[in-house]
Amino acid sequence: MSDYRSVPVVDTVHDRRVATTQPGSRMARRAAAASAPPPPPPPDDRPPRSHRTDGGGQGKMRVLAWISIGVTTLMVGGSLTAYTVYRDAFGNITQKSVKDDIINPRPPDTGALNVLLVGSDTRAGEGNAKYGQQLARTADAGGKRTDTIILLHISPNRDKAQLLSFPRDSMVQIPKCKNEATKQEMPARRDMINSAYNAGGIACTISTIETLTGIRINHFVEVDFSGFKNIVDALGGIEICLKSGVNDKKAKLVLPPGKSLLNGEKALGYVRLRNYGDGSDIQRIKRQQIFLSKVIAKATSNDLLTDPGKLRNFISAAAGSVTMDPDLANDTERLIEIALSAKELTANGVKLTTIPWIPDPENPKARVVWKEPDATKLFTSIKTDTEVATPAPSASAGTKPKVTVKPEQVRVQVLNGTKAVGKAKEVADQLAEQGFNVVGLGNYESPDGQSLAKSEIHYAKTIASAPDHATTLAGAVLPKPAPAAGKVKATNPSTYTNPAVTAGAAPKGTPVIQLVVGEDFDSVKVTKLPDSVQNSTITASEQKNVCT
C-alpha cells in the first residue's frame, strides 16, 4: 500500500497552486515561476469558542469545510467507470508532497485505507478572500487555518467505511514538527489540535493524528471555501427540509419552512448557521452530519453517474477544488477503491462519529479534552476494524454439527509471558470488556527464563470443541496467534474478577483456553464501544427527513 514515503515536498501557504513535484513537470514549472517565498502562517489568535449551548461566533467557519472534505473523497464515485474519458479533469488536481516534512515515527500499515480530510479557511485566491475577512487579524491575506479535521477510514477488505471528526478545540499534545514555511523544527507542545495545521501544515497535522491515535494515515485531501461552493453547485444543489424558517443576517441566509434546494452560496450559509433551533453546537453538528450524508448520497447517485454532462461538470469542479498527495492523485486503483467504498457508504448507511470529549479542566468554557479511556477504545476499534470475524467452526467430527462460538462462550485463562508486572490483568480486562469469559490469571515461565517473544494460544487436546473456542479467541488478539493443541503450566494461578464486567455463565464442559501474552501483544480487538462513542455516532437510520 502506498503512503507518504514516496511523496515529494510542497509549500502552498502563499499560493495553493504552487507545488514542487518531479523535475520538468507542470507543477515544477509553476514552482519555478513563484516570485516570492511564502510568509509564515499567522498564529491562531481567534477568541476561544464556548462549548455551551449558546455556541460562539468564532467557530462557525469550521463546518463548511467539514462538509466539503467528505465530498472530495467521494468525488470519484462515478468518474472511475470511465476514467480515461475524464483523465484531463483529474489532471487539474493540485498535488502537494509532504514526505520530507513528516519527522516522527509512523504507525504500522494495517492494510486499511485512511485518508485525512482537512478543510482550510485559506484566504489565498479570489474565491476565498471574502469568506476569511472576519478571521483576518494580520496583513497576510494568504494565511490559512483549519477548523475541520476528519479521518476517512476504509477497512482492509474495503467493505466498511467510517468518518471520524476531531473537534477543533481539542487540547492535545502536538509532536515536534517542521514549520511549513521555514522548515525549522518546532518543539512539542500542548495546544489546540488545529494549531498543528496553522504552523506545520498538513504534515504536522498527519503526525499529530498518528501520534495521538496510533492510526497510519495513507493519504490526505485539502479543500477550501470556494471548493465547497463549486462542488455543491456541480451537484445541482442539495435539498434540505426545515421545521421552521431561517432569517439570519450573519449567515446571510433566508429560508422558508419546508423543503429548499440550496446552491453553493446558500449551502455555505446553511452549514455556517448558528442561530437556529436551540443554538447548541450539538444540534448544529448533527445538522451538518445530515447535510453531509445528503451530499454523499447525491455524489454517488445513479442520476449523476448516468448523465455524462453532469458527471463531467462534477468531476471538473471537484478536481479543481482539492489538493491531494501525489500518491492518491495519480493512483487510479486507489481512487477506484475509494469510489467503491463511497458506494458502500451510501448503500449501508453513512456512519459519522465525533471523538468523545469533555470540557477541558483548565479552560472548561472554551476548550475540550478527549474523554478517556473512551477515545482510545474508539481508536483501537478503527485500528482493528471493530469487527471480530466469526470463525469457521472446525470439522472435528464428521457427524457432529458445526457450532459458531461467540466471545461470551469462550472461557479464558490469561498468562503473563513477559517481565511486565500486571500484564495478564491488563489483557484480561480488555478481553472481559469485549465479552470474553475470563476465569483466571497467572504467569508463564519459558524454558530459557526469557520473555516470550510472541503471544500463544493453547487448548486441551481432549476436548473436541476446544479448537473452535481457541479460534474465536485468536481472532480477537492482535497480532493474531496460531492456536496450538496442548496446554502449558501456569505459575501463581489466581481467579479473575472485574467488578465493571459481568461475564455470562458458560455451559458445563466448556473448555478453558489459555492466552499466553508475549512481547508482541498489541491489543484486543474492540467490538463493543463505550456509550459516549455510540452517542456521538449517527447512521443512516437516524438521518430522517425532519419534515415528515
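Residues here are called buried when their relative accessible area is under 20%, exposed when it is over 50%, and partly exposed in between, using a 1.4 Å probe and protein chains only. Lys 183, with a relative accessible area of 30%, is therefore partly exposed.

This is a predicted model, in which local features need pLDDT of at least 70, side-chain atom pairs count only at pLDDT 80 or more, and totals for chains, interfaces and linings use all residues. Residues are numbered from 1 along each chain as its sequence is written, and side-chain values use heavy atoms, with hydrogens and water left out.

**A disulfide**

A disulfide is a pair of cysteine sulfur atoms within 2.5 Å, and the count by this rule is 1. Its partners are Cys 177 and Cys 204, with sulfur atoms 2.2 Å apart. Cys 177 sits in strand β6 (residues 177-178) and Cys 204 in helix α5 (residues 195-213), so the bond ties together parts that are 27 residues apart in sequence. Helices (H or I, at least four residues) and strands (E, at least two) are DSSP runs, numbered from the N terminus. The torsion about the S-S bond is about 80°, so this disulfide is right-handed. Both cysteines are buried.

**Helix α15 and two buried loop residues**

How many of the 9 residues of helix α15 (residues 466-474) are buried? The count is 7, so the helix is largely enclosed by the rest of the structure. Among the buried ones are His 469 and Leu 473. Ala 470 is also buried, and its C-alpha lies 9.3 Å from that of Val 405, although the two are 65 residues apart in sequence. Val 405 is found in the loop between α13 (374-383) and β18, and is buried at 6% relative accessible area.

Asp 325, in the loop between β14 (322-324) and α11 (326-329), is buried with a relative accessible area of 0%. A polar atom of its side chain lies 2.9 Å from the backbone nitrogen of Phe 220.

**Backbone angles to look for**

Most residues other than glycine have a negative phi, and most peptide bonds are trans. The table lists some exceptions.

| Place | Feature | Angle |
|---|---|---|
| Glu 372 to Pro 373 | cis peptide bond | omega about 10° |
| Leu 478 to Pro 479 | cis peptide bond | omega near -10° |
| Lys 183 | positive phi | phi about 65° |
| Asn 492 | positive phi | phi near 50° |

Pro 479 is in the loop between β21 and β22. Lys 183 is in the loop between β6 and β7 (185-186), whereas Asn 492 lies in strand β23 (residues 491-495). Asn 492 counts as exposed, at 58% relative accessibility.

Notes. A polar contact is a pair of N or O atoms within 3.5 Å; within protein, one must be able to donate a hydrogen and the other to accept it, and residues adjacent in sequence count only if both atoms are side-chain atoms.
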